[in-house]
Amino acid sequence: MRITINRSKMLYLLVLAFMGGLCILLVSLFVNGKTYAMHTANRHLHGASAVDSFGSIEDRNGLLLADTKNGKRVYNNDSTIRRAMLQTIGDTSFFISSGVHNTFKSELTGFNMIWGINTAASGAKSNLKLTLDAKLCKTALNALEGQKGAVGVYNYKTGEIIVMVSSPTYDIQNKPYDIDTDKTGTYDGVYLNKLLSGLYVPGSVFKTVTAAAAIDNIPDILTRKFNCSGQYKAADGIIKCMKEHGNLNFEQALNVSCNSVFAQVAIEVGAEKLQKTAQQLGLTESFTVDRVNTAKGSVELSEAGQASLGWAGIGQYTLVLNPVSIMRYMGAIANDGKAVNPFFVDKVVQTDGTVLYKSGSPDTKKLLNVTTTNTLKSLMRSNVKNNYGDSRFKGLELCAKTGTAEVGEEKSPHAWFAGFSQRDDFPYAFVCVVENGGSGIGTAAPVIARVLKEMDKTY
Ligand SMILES: [Zn+2]
């Protein structure tokens, strides 16, 4: 009898311990479930089969870009769209760390308390909607004609990026076998989103920064008379110009991108103020674009002598800038000095309606005062009207600046084109850099012209 009572007591204790443990487990699951599910030890999520549970990805118009069918990741059936969207979507091995496959892994897997991670059984599949227009991204990639570089177009009022393309790229459905062993440089930077993570010598695009510093620091800058003899002689060296421009005012100097005048102006402004202007314009900071920290530009002039400062004023010396930071700066000039941070993920929603992510109102930052903004705007409009020609960009009313950035004697310069449309009904700013593309107006401007003309038909 005594043995039976003892055994019963033991059994009660065991049941109690079991119930207690179960409670702790349930509470812990409720509190930490998402962390457990997303933990790197969860091979279902982070192993080779991780994307098997991913939801779909579509562009701003509902065009399906990626989905999972029968446990296999499938993509849009247009190979150029697949190549144009590669760095935005990412790969299945997460080599492209800035792609949404990686940065929105948690939402794409659609973890929720009832069903755990997204499975066919749950029926609650997630869908990630981009702000990008995949067909326009295709136009941009085609316009690059196989050259390396980056193209970006964004709505400077809302922050929505419409076009984001990085080259080189590859077809995710037919990954080249030699992509990681090729020695010719064909795939250099292929895993990088160059709009967000690239750093380039800015060349004459930086004259818009020197101009902003000059407008703020030299009161009579717009009425000054300059002369270009084909070069500018600083105390410790010479800055060469493309040609002998003769007499010109500041506006004409920006129109023809005169190095002599801008070197002279940079030296007059001084290293400290020029560097400070670049900082204030957000060009030397990193900011976040949908969980990706953008590459931080560098304008370091504390050691620069006179000639080096002159070279810096025309975007050379040791300067490097990131394309999306330039695009944001262009947007600020268009938007009365206020920069709206760009973004490209609109929302992630499950089929049952649960919103897993929604882009909030983007951060804004005042980069310029209204007077400087208006002056820059009119100078950049003058560039297009009086030098590049409105006929290249019919009806778009662009304000812009080209750049042809020297990157060593052996190589062709980087070609740049950055600016915005001044039309109220077409609030878009843009940037294009073509690596070793030659001249800004010859190579980068036509890419933007093609994209914006296409966009103007439907936007
Ligand atoms: Zn000149």
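The expected span of a helix is taken as 1.5 Å times one less than its number of residues. In the predicted model described here, helix 14 has 12 residues and should on that basis span 16 Å, which agrees with the 17 Å that separates its end C-alpha atoms. Helix 15, formed by residues 370–388, likewise reaches 26 Å from its first C-alpha to its last over 19 residues, close to the 27 Å expected.

These two helices belong to a protein whose secondary structure comes to 16 helices and 19 strands. Of the 459 residues in the protein, 47% are buried. Among contacts between residues at least 6 apart in sequence, 66% join residues at least 24 apart.

Helix 14 is largely enclosed by the rest of the structure, because 12 of its 12 residues are buried. The buried residues of helix 14 include the charged-side-chain position Arg 328, as well as Pro 323, Ser 325, Tyr 329 and Gly 331. Just after helix 14, Asp 336 takes a positive phi of about 55 degrees.

In helix 15, the buried residues are Thr 373, Thr 375, Leu 376, Leu 379, Met 380, Asn 383, Val 384 and Tyr 388. The elements that cover these buried residues include helix 14 (323–334), together with helix 9 (207–217), helix 10 (250–255) and helix 16, and also strand 17 (398–405) and strand 18 (414–421). Helix 15 is followed by Gly 389, the phi of which is positive and near 100 degrees.

Helix 16, which is among the elements covering helix 15, also packs against helix 7. The pair, comprising residues 134–144 for helix 7 and residues 440–458 for helix 16, meets at an angle of about 155 degrees, with the two axes 9 Å apart. Since angles over 145 degrees count as roughly antiparallel, helix 7 and helix 16 are therefore roughly antiparallel to each other. Helix 7 passes helix 16 in a right-handed crossing. On the side of helix 7 the contact is made by Leu 136, Thr 139, Ala 140, Ala 143 and Leu 144, and on the side of helix 16 by Pro 446, Val 447, Arg 450, Val 451, Glu 454 and Met 455. By class, the residues of this contact divide into eight nonpolar, one polar and two charged.

A second helix pair is formed by helix 11 (residues 259–269) and helix 13 (residues 306–313), which pack at an angle of about 120 degrees with their axes 7 Å apart. Helix 11 and helix 13 are therefore oblique to each other, and helix 11 passes helix 13 in a right-handed crossing. In this contact Phe 262, Ala 263, Val 265, Ala 266 and Ile 267 of helix 11 meet Gln 306, Leu 309, Gly 310, Trp 311, Ala 312 and Gly 313 of helix 13. The contact of helix 11 with helix 13 has eight nonpolar and three polar residues, and no charged residues.

At the level of a single residue, Thr 103 lies in helix 5, which covers residues 100–103. Thr 103 counts as partly exposed because 18 C-beta neighbours lie inside 10 Å, whereas 20 or more would be needed for a residue to be buried. When residues up to four places away in sequence are not counted, Thr 103 touches Ser 98, Asp 290, Arg 291 and Val 292. For Val 292, the separation from Thr 103 is 189 residues in sequence and 7.7 Å in space, C-alpha to C-alpha.

Notes
Residues are numbered from 1 along each chain as its sequence is written. This is a predicted model: local features need pLDDT of at least 70, side-chain atom pairs count only at pLDDT 80 or more; totals for chains, interfaces and linings use all residues. Axes are lines fitted to C-alpha atoms, for helices over the stretch in contact, and angles run from 0 to 180 degrees between N-to-C directions. Helices (H or I, at least four residues) and strands (E, at least two) are DSSP runs, numbered from the N terminus. Angles under 35 degrees count as roughly parallel, over 145 as roughly antiparallel, 65 to 115 as roughly perpendicular and the rest as oblique. A crossing is left-handed if the near helix is turned anticlockwise from the far one by less than a right angle, and right-handed if clockwise. Two residues are in contact if their C-beta atoms, placed from the backbone, lie within 7 Å.
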